[in-house]
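Please open the model in your viewer and keep the selection panel at hand. The tour goes from the ligand to a strand residue and then to the nonpolar cores.

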Amino acid sequence: MVGKENVICMNDLTKYYGQHQALDRLNLEVEKGTVYGFIGPNGAGKSTTIRILLGLLKPTSGSAFILGKDVIKKGAVIRRHVGYLPSEVHYYERMKVRDVLNYALSFYPDADRSRLEYYLDLFEVDPKKRVKNLSLGNKKKVAIIQSLLHDPDLLILDEPTSGLDPLMQGVFFNVLKEEKEKGKTIFFSTHILSEVEKICDRFAIIRQGQIVATKDVESIRKQVMRILKVEYPAQDRIPHIEHEQIVKREVHDHIVRYYVQGKINEVLRQIVHDELNDIRVEEPSIEEIFMDYYQPKEPEGGK
Ligand SMILES: Nc1ncnc2c1ncn2[C@@H]1O[C@H](COP(=O)(O)OP(=O)(O)OP(=O)(O)O)[C@@H](O)[C@H]1O
């Protein structure tokens, strides 16, 4: 088998803003051809990481490589092969959309100009409009088009779907799939966990400047975890059930959700022993699995 090629590589990447540590020794690798989700709560360090990758910010220590090149030393070369969508976009308000995008294209003399028409049509953007007359979502679409124009090998997108309506999100995801099929690599940050499940091969979770998990979406899907949702006749009739396979439990009034790892037979047997009104077996959504990493661990009551 041919060795893996990492398009993005971070080594102990650390960033301080004054006294404030925004990134704490990030180590991350993104393989060629992957759609990689970079997720984390507000202020976790996503934009800081992305801006370092683009050479727009210098790390305090550590290093990062894109397409094998050092982001500090080779920023200009790297940017030729990267499509970047910042989380907030600013254009000259009086410029027309077509002029904005033509200007962007002028930096890439070899670019195929037909891509511009293709994406304008696909994203339903009116090129005659002035930027100042665009809605937030339409401005975002212009920025998405700009990131794609020069057919980059790597797309780095900072919260690409914020502001897009569901229909356009669908169009956008299809574009990402097309790019992936062409062998392109996509690295994008998001808060929306369901997006990761829909589109990503792999993801990393960043919290308070640290990577707390990196996983394959497929392996998460296969994780053997079931939720037994049990409705008891009343809150004071909930029995105390203990079993090593019950990794977590949530109580809402007279309903208990037991999170069971491994085979559920034994736990089920124990549960049905007591009086209950109803029982259902559910699979946790990927969001629930993520939430375990997302939130700081709380002590679990009464397991
Ligand atoms: N220019 C700056 N000066 C000082 N602190 C900053 C600066 N930019 C970001 N920070 C701080 O660094 C931390 C990481 O911020 P960053 O914008 O990278 O987070 P994020 O994960 O992108 O957040 P969000 O999801 O809200 O966009 C936060 O605590 C933020 O307040």
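Which element gives the largest share of the shell around the ligand? That share, three residues, comes from H1. Before selecting anything, note that this is a predicted model, in which local features need pLDDT of at least 70 and side-chain atom pairs count only at pLDDT 80 or more, while totals for chains, interfaces and linings use all residues. Residues are numbered from 1 along each chain as its sequence is written.

Select the ligand and its shell, that is, residues whose C-beta atom, placed from the backbone, lies within 6 Å of the molecule; among them are Tyr 17, His 20, Asn 42, Lys 46, Thr 48 and Ser 87. Two or more shell residues come from each of strand S2 (20–31) and helix H1 (46–53), where helices (H or I, at least four residues) and strands (E, at least two) are DSSP runs numbered from the N terminus.

Next, select Gly 62, which lies in strand S4 (residues 61–66). Gly 62 counts as partly exposed because it has 17 C-beta neighbours inside 10 Å, the class between buried (20 or more other C-beta atoms within 10 Å) and exposed (12 or fewer), with C-beta atoms placed from the backbone. The C-alpha atoms of Gly 62 and Leu 26, 36 residues apart along the chain, are separated by 8.4 Å.

Finally, select Tyr 36, Leu 53, Ile 66, Leu 154, Ile 156 and Phe 187, which touch the most other members of the largest nonpolar core, a set of 54 residues. Such a core joins buried Ala, Val, Leu, Ile, Met, Phe, Trp, Tyr and Cys residues through C-beta atoms within 7 Å. Helix H5 (residues 136–148) gives the most to this core, with five residues.
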